[in-house]
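Thanks for coming, everyone. I will walk through one structure, piece by piece. Please have the viewer open.

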Amino acid sequence: MKKLLFIVLAVSVSFAVAAKIKLPSIIGSNMVLQRNDTVALWGNAIPGAKVKINTGWDGKNYTVKAGSDGRWKLQVMTGDAGGPYKIVFSDGEETVLDNILLGEVWICGGQSNMEMPVCGDATQPAEGSYEALRTVKDYPDIRMFTVPRADTDVPLDSCGGIWHVSTPKNVSRFSAVAYYFGRTLSDFINVPVGLIASSYGGSSIEAWMTEDCIKSIDGVNIEAAYSGRLPREKPQRLWNAMLCPIKPFTARGFIWYQGEANLDRWFDYAKMQKAMIALWRKAWNKADMPFYITQIAPFAYGGDPENLRLPLLIEAQWQAANETPHCAVASTTDVGNRDCIHPGKKRQVGERLAWLALANDYGVEGLPAPAPTLYKMERHGENELLLIFKNVDAVDSFVYYDENGTLDIGGFEIAGDNQVFYPAKVKKNVWSNKIYLSSPQVPDPVAVRYAFRNYDDKANLHTNYGQPVPPFRTDTWQVLK
């Protein structure tokens, strides 16, 4: 009898241990949940077990039954921004998450320029890193989660990693672009901000998509796209390991910094970007979820600043944004580095992405967003072209004068019907949104290009608020390099 009782007790104890609820790493203490929204909570328990959940912000109790595979998922409603709160999970044994905030959540993806941390990398410093760490105390409600680098053939339920609070140590190793984005949001809307960084240096855009999605894109040669790629860069491997574990996590929007790995296939990039945005929005179940793209920064790819691959890919980035609702691009024409593919000016990038979100999603008026772009080109006189820009006004006008009282605007080229481009002279004009161009070598100009090189150190047109004009061209002539 005693032996039988011992066996029963042993089985009961082992069952109780097995009954411990298992949560994915993205659901944890210190996290931020999207405010005033329906958010998902999910995990694993014993098959058929009843899981009870209490949400601290409203005191509500929920019950969900684990399926035959032990998985369970529940949608709960959040409230106004605030905290800290607790969430208590129980299937007979409690699991408690604490220090949870309700606020704004953003997914931050891409390759190495999104991955680059606030403290910079070896031989590649990030500007202003000490200032960022010195002021961490002013942003206690920014929370950060980094999805660890991984790739796999099968979709993962959890990715490792934990939510971090704002300390100098934690901020220093977090994505610089993402942190400055979150810091700028916090400055203006004064609510907690949760940042989920999922990026992998050197990754192509295809690696962040499913194979079925790529195959559905008209005109894209998937075999050519795969040519020479590492296994981790093939579709669905990063998707499986670095997006599947977080895609149930409710968020407000996305910021994206990628494109360098796709320069050789710039002609496919607009289609790929549009398809990827649609795929991510579908995965997060929000058809109009904001998506903000970072224009890749100038760099002398292959040691050749005159090559045109970079502006052609940038052209594709802007095309994708213009053809996609609730999507925009942050210009980076002024932050590049001729000899370093990872420029140190990450604060400007994060801020400009945040300006787009603040203007479009949070109703903040008066911000310099979006960047100035060409509205139209007109012939002016016998040998002059007139460019009229949008997103420029009397307050945030073009800067024609520097601290010495003069500034030569560079980066413009014009051409006639012979398609030969020459540097253009810019006539300064009091009215803020117009540029007049001419060249003695081009008596009958028909086309303009600006900053249309991998790297052009003369391209310096910007507004009072520092918004740079992105590379553009008015022609559609065939490009041979």
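**Backbone oddities, helices and sheets**

Start with Ala-451. Its relative accessibility is 5%, so Ala-451 counts as buried. The cut-off for buried is under 20%. One caution before I go on: this is a predicted model.

Where is Ala-451? It sits in the loop between strand E20, residues 447-450, and E21. And its backbone is unusual. Ala-451 has a positive phi of about 55°, although it is not a glycine. As a reminder, most residues other than glycine have a negative phi, and most peptide bonds are trans.

Now a second case, Asn-391. Here too phi is positive, about 65°, and again Asn-391 is not a glycine. Asn-391 lies in the loop between strand E15, residues 384-390, and E16. Is Asn-391 buried or partly exposed? Its relative accessibility is 34%, so Asn-391 counts as partly exposed.

Next, the cis peptide bonds. Go to Gly-83 and Pro-84. The bond between them is cis, with omega near 10°. Pro-84 belongs to strand E6, residues 82-90. Then move to Ala-369 and Pro-370. They are joined by a cis peptide bond as well, with omega about 0°. Pro-370 is placed in a loop, between H11 and strand E14, residues 373-380.

On to helix H5. How far apart are the end C-alpha atoms of H5? H5 covers residues 176-189, which makes 14 residues. At 1.5 Å a residue the helix should span 20 Å, and the end C-alpha atoms are 20 Å apart, so the two agree.

How enclosed is H5? Of its 14 residues, 12 are buried, so H5 is largely enclosed by the rest of the structure. Among the buried ones are Tyr-179, Tyr-180 and Phe-181. Arg-183 is buried too, and so are Thr-184 and Ser-186. Ile-189 is another on that list.

Look at both ends of H5. At the start, a side-chain oxygen of Ser-175 comes within 3.1 Å of the backbone nitrogen of Ala-178. Just after the helix, Asn-190 takes a positive phi of about 55°.

Now helix packing. Two packed helices are described by the angle between their axes and the distance between the axes. Take H5 against helix H11, residues 346-361. Their axes come within 7 Å and cross at roughly 45°. That angle makes H5 oblique to H11. The crossing of H5 past H11 is right-handed.

Compare a second pair. Helix H9, residues 266-283, packs on helix H10, residues 309-322, at an angle of about 25°. The axes of H9 and H10 are 8 Å apart. H9 and H10 are therefore roughly parallel to each other; the limit for that label is under 35 degrees. H9 also passes H10 in a right-handed crossing.

Sheets next. One open sheet has four strands in the order E17-E16-E20-E21, with antiparallel pairing. Strand E17, 421-423, and strand E21, 472-473, are the edges. Each has a single partner strand, so one side of each is left without a neighbour in the sheet. Inside this sheet, strand E16, residues 412-415, pairs with E17 over three bridges, in the antiparallel sense. One bridge to look at: Glu-413 has Pro-423 in E17 as its partner.

Which order do the strands take in the other open sheet of four? It runs E14-E15-E19-E18, and the pairing is antiparallel. The edges are E14 and strand E18, 425-427, each pairing on one side only. On average, neighbouring strands of this sheet are turned by 30° against each other, direction ignored. E18 pairs with strand E19, residues 434-438, over three bridges, also antiparallel. There, Lys-427 stands opposite Tyr-436.

Last stop, a hairpin. Strand E3, residues 50-55, and strand E4, residues 60-65, pair in the antiparallel sense over six bridges. Val-51 stands opposite Val-64 in E4. How many residues lie between the strands of this hairpin? There are four, and in the hairpin Gly-59 takes a positive phi near 70°.

That is the tour. Questions, please.

Conventions
Residues are numbered from 1 along each chain as its sequence is written. This is a predicted model: local features need pLDDT of at least 70, side-chain atom pairs count only at pLDDT 80 or more; totals for chains, interfaces and linings use all residues. Side-chain values use heavy atoms; hydrogens and water are left out. Helices (H or I, at least four residues) and strands (E, at least two) are DSSP runs, numbered from the N terminus. The expected span of a helix is 1.5 Å times one less than its number of residues. Buried means under 20% relative accessible area, exposed over 50%, partly exposed in between (1.4 Å probe, protein chains only). A polar contact is a pair of N or O atoms within 3.5 Å; within protein, one must be able to donate a hydrogen and the other to accept it, and residues adjacent in sequence count only if both atoms are side-chain atoms. Two strands pair if DSSP finds at least two bridges between them. Axes are lines fitted to C-alpha atoms, for helices over the stretch in contact, and angles run from 0 to 180 degrees between N-to-C directions. Angles under 35 degrees count as roughly parallel, over 145 as roughly antiparallel, 65 to 115 as roughly perpendicular and the rest as oblique. A crossing is left-handed if the near helix is turned anticlockwise from the far one by less than a right angle, and right-handed if clockwise.
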